[in-house]
Amino acid sequence: MVARIIQGISAGSEGQSAIAFMVEHAPANRRGLFGSFTNMASGLATLAATGAAAMVTSSFSSADLAAWGWRIPFIAGGVLGVVGLILRARSDETPEFEASALVDQKSAWARLMDLLREHPKALLQAAALSAPAVAYYTWATFLPTYAKLTTGRDLSSTLAGSVIGLALLVIIVPVCGYLSDRLGRRKIFPIIGAIGMIVLFYPMLLLLNQPGFWVYVLVSASGWVVLGIWQSVYPTIQAELFPASVRVSGIGFAHQIVIAVFGGTAPLIAAAFVGAGQPMFVAVYMIAIVALSLIVYFTLPETGSRAGRPTVAPADPEVLEGEHLLSETAHSGIQANASRP
């Protein structure tokens, strides 16, 4: 029940249009920082969801929580979702998208076909960048329950410990996003984050066998540190893999399939391992997926070192052509106004 509350509230915080929107609006030397804001918001949403779950769990009996108490966080999350929808609907499109749309007049179906035909490698890379979401959702929605089932910890205390770890995540993500604009993205952040997950997940879950609240906090925080390093830059890298005409479709197609297959099922699979008496298989499952993703990360282009380029993607001729047309139109308009008596 608690896992459903956390996942249900926080799931709507990620949006592929929001990733493209933030990165395209960013100054050329701040794309890593701006792109990290989307996952910082995701972390804040998960933090709020976990905090809400902690409050209702400690405030209501198990019967009241199952009967009606679980609805309270969902109502609050629904209100926030409406506010976010209104804000996004009133936002202007980015100049890069408008320039691309001026040149590219293809239908949505034709753009999808172009995406599948011309960008299969970028789709695989974008999917691999999203795949560690299996660890994110396990850590966010199931770790407190995992600790309760395997070590008998009190659920309200594990949720409180997760809140501390998530607060650290919210700090780490924008800091690493900022650094990626100066140090580069691929070689440091997704690779180091993935290696950290592979190295830490198994011993951290073993450490949960030791008693104590701060032991749980250490386990939770350690996971969120390496997850934060991974999370900080993957939205920006995904945006930089695709030209503007197929950017949202490319990120969305890869990301949503991965989230549905791995992220959405992560707590269910973890619960099945625990129920089968093999709790450490949870760590093995996460490590296997992250290890496969790491192999793909070594094929990623280094985009941060080219932060001064005029377009988000390394090569986006449609954007450059559209910006040239817009510039010519604006110049013609100025000359026409100047020639009027």
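Author: Residues count as buried under 20% relative accessible area, as exposed over 50%, and as partly exposed in between. The model discussed here is predicted.

Reader: Is I171 buried or exposed?

Author: I171 lies in helix 10, which spans residues 155–183. Its relative accessibility is 54%, and the cut-off for the upper class is over 50%. I171 therefore counts as exposed.

Reader: Which residues form a nonpolar patch on the surface together with I171, and what is the accessible area of the patch?

Author: The patch on the surface is nonpolar and includes I171. The other members are V175, Y178, L179 and L183. Together the five residues have an accessible area of about 450 Å².

Reader: How many salt bridges does the structure hold?

Author: One salt bridge pairs R117 with E118. Another joins D181 and R185, and R185 also meets E240 in a salt bridge. The structure's count of salt bridges is three.

Reader: What separates the closest N and O atoms of R117 and E118, and how accessible are the two residues?

Author: R117 is exposed, its relative accessible area being 55%. E118 is partly exposed, at 49%. Side chains of opposite charge can pair when their charged atoms come close. In the salt bridge of R117 with E118, the closest N and O atoms are 4.0 Å apart.

Reader: Are D181 and R185 buried or exposed, and what is the N to O distance of their salt bridge?

Author: The cut-off for buried is under 20% relative accessible area. D181 has 10% and is therefore buried, and R185, with 0% relative accessibility, counts as buried too. Their side chains meet in a salt bridge with an N to O distance of 3.1 Å.

Reader: How many residues apart in sequence are the parts that E240 and R185 tie together?

Author: The side chains of E240 and R185 meet in a salt bridge of 3.0 Å, N to O. E240 lies in helix 12 and R185 in the loop between helix 10 and helix 11, so the pair ties together parts whose separation in sequence is 55 residues.

Reader: Which residues do salt bridges that share partners join into one network, and is E240 buried or exposed?

Author: E240 has a relative accessibility of 1% and therefore counts as buried. Salt bridges with shared partners make one network, and its members are D181, R185 and E240.

Reader: How do helix 11 and helix 12 pack, and what is the handedness of their crossing?

Author: Helix 11 covers residues 189–207 and helix 12 covers residues 213–241; the two pack at an angle of about 160°, with axes 9 Å apart. Angles over 145 degrees count as roughly antiparallel, so helix 11 is roughly antiparallel to helix 12. The handedness of the crossing of helix 11 and helix 12 is left-handed.

Reader: At what angle do helix 11 and helix 15 pack, and what is the handedness of their crossing?

Author: Helix 15 consists of residues 281–297, and helix 11 packs with helix 15 at an angle of about 165°, the axes being 9 Å apart. This angle makes helix 11 roughly antiparallel to helix 15. The crossing of helix 11 and helix 15 is left-handed.

Reader: Where is T303, and what distance separates the C-alpha atoms of T303 and L241?

Author: T303 sits in the loop between helix 15 and helix 16, the latter being residues 317–339. With a relative accessible area of 0%, T303 is buried. T303 and L241 are 62 residues apart along the chain, and their C-alpha atoms are separated by 8.7 Å.

Reader: What distance separates the C-alpha atoms of G250 and L115?

Author: G250 belongs to helix 13, residues 247–263. G250 is buried, its relative accessible area being 0%. Along the chain G250 and L115 are 135 residues apart, and the separation of their C-alpha atoms is 6.7 Å.

Reader: Which helix holds S156, and what distance separates the C-alpha atoms of S156 and S58?

Author: S156 lies in helix 10. Its relative accessible area is 24%, and S156 is partly exposed. S156 and S58 are 98 residues apart along the chain, with their C-alpha atoms separated by 5.8 Å.

Technical notes: Residues numbered from 1 in each chain as written. Predicted model: local features only at pLDDT ≥ 70, side-chain atom pairs only at ≥ 80, totals over all residues. Heavy atoms only, no water. Patch = residues over 30% accessible without salt bridge, like charges linked within 9 Å, V, L, I, M, F, W, Y side chains within 5 Å. Areas by Shrake-Rupley, 256 points an atom, 1.4 Å probe, with all protein chains shown as cover. Helix = DSSP H or I, 4+ residues; strand = E, 2+ residues; numbered from the N terminus. Buried < 20%, exposed > 50% of the residue type's maximum accessible area, 1.4 Å probe, protein only. Axes fitted to C-alpha atoms, helices over the stretch in contact; angles between N-to-C directions. Parallel < 35°, antiparallel > 145°, perpendicular 65-115°, else oblique. Left-handed = near helix turned anticlockwise from the far one by under 90°.
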